[in-house]
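Let's take a walk through this protein together, one stop at a time. Keep the 3D view open while you read.

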Amino acid sequence: MAASAANPNILCSDLCFREQGIHASNGGGGCCSLVAVNGGGFPAFSGVRSGRRRPRGEVKAGLFWQQDVSRPTSIEMEAIAGVEELDEILRLSQERSQPIVIDWMAAWCRKCIYLKPKLEKLSAEYHPRVKFYYVDVNKVSQELVKRGNISKMPTIQLWKDGEMKAEVIGGHKAWLVMDEVREMIQKNI
């Protein structure tokens, strides 16, 4: 939502705090933020938009409502460094009845590097139902790579009950890979 107001503090307290049942005088809660301001002593943007200039002193404010502040937007994947560590992770996931996703990647693989932050965002979506890990195949023993039956990178596998249930080999467009990973998780959780 974008609105024009002479005083952004009034805009924020009037729209935001009233909506939340909080008064500006008692500390607020910061449920909105100002985006663009022109005049009034605040940092100014160019004021040119759609071919017109805003009159001096007019404030352009944008509100972004926070949906759920307690949920993370991204969870860093943990590295698996050896066969013993994989065995322990599989044992724990079996005890907890929690499937795990393992991203088999390499530091030299551009697509692997591109997918990792996207998988970390996906990890936040499925937290705590599914745990995400990664294996850099160049930093681990070949025994671990053979255990995962890996021949191409990136390979994203879903393990459940100590067994590999499904995999996506990501040799195509990243958004397609992410759709396939989501579908794989939905089918197996």
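First, a bit of vocabulary: a disulfide is a pair of cysteine sulfur atoms within 2.5 Å. Keep in mind that what you're looking at is a predicted model. Search the whole structure and you'll find one disulfide. Cysteine 109 and cysteine 112 are the partners, with their sulfurs 2.5 Å apart. Which way does this bridge twist? The torsion about the S-S bond of cysteine 109 and cysteine 112 is about 80°, so the disulfide is right-handed.

Are these two cysteines buried or exposed? A residue counts as buried when its relative accessible area is under 20%. Cysteine 109 comes in at 7%, so it's buried, and cysteine 112 is buried too, at 0%.

Next stop: helix α2, which covers residues 83-96 and is home to serine 93. Serine 93 has a relative accessible area of 5%, so this residue is buried. Its side chain reaches the backbone oxygen of leucine 90, at 3.0 Å. Looking beyond residues up to four places away in sequence, serine 93 touches Gln98 and Ile100.

Now hop over to strand β8, residues 155-160, where you'll spot glutamine 157. Glutamine 157 has 0% relative accessibility, so it counts as buried. What does its side chain pair up with? The side chain of tryptophan 104: the two are joined by a polar contact of 2.8 Å. Setting aside neighbours within four places in sequence, glutamine 157 is also in contact with a list of residues including Ile100, Gly148, Met164 and Met184. You've met Ile100 already, as a residue that serine 93 touches.

Technical notes. Residues numbered from 1 in each chain as written. Predicted model: local features only at pLDDT ≥ 70, side-chain atom pairs only at ≥ 80, totals over all residues. Heavy atoms only, no water. Buried < 20%, exposed > 50% of the residue type's maximum accessible area, 1.4 Å probe, protein only. Helix = DSSP H or I, 4+ residues; strand = E, 2+ residues; numbered from the N terminus. Polar contact = N/O pair within 3.5 Å; in protein donor to acceptor, adjacent residues only side chain to side chain. Contact = heavy atoms within 4.5 Å.
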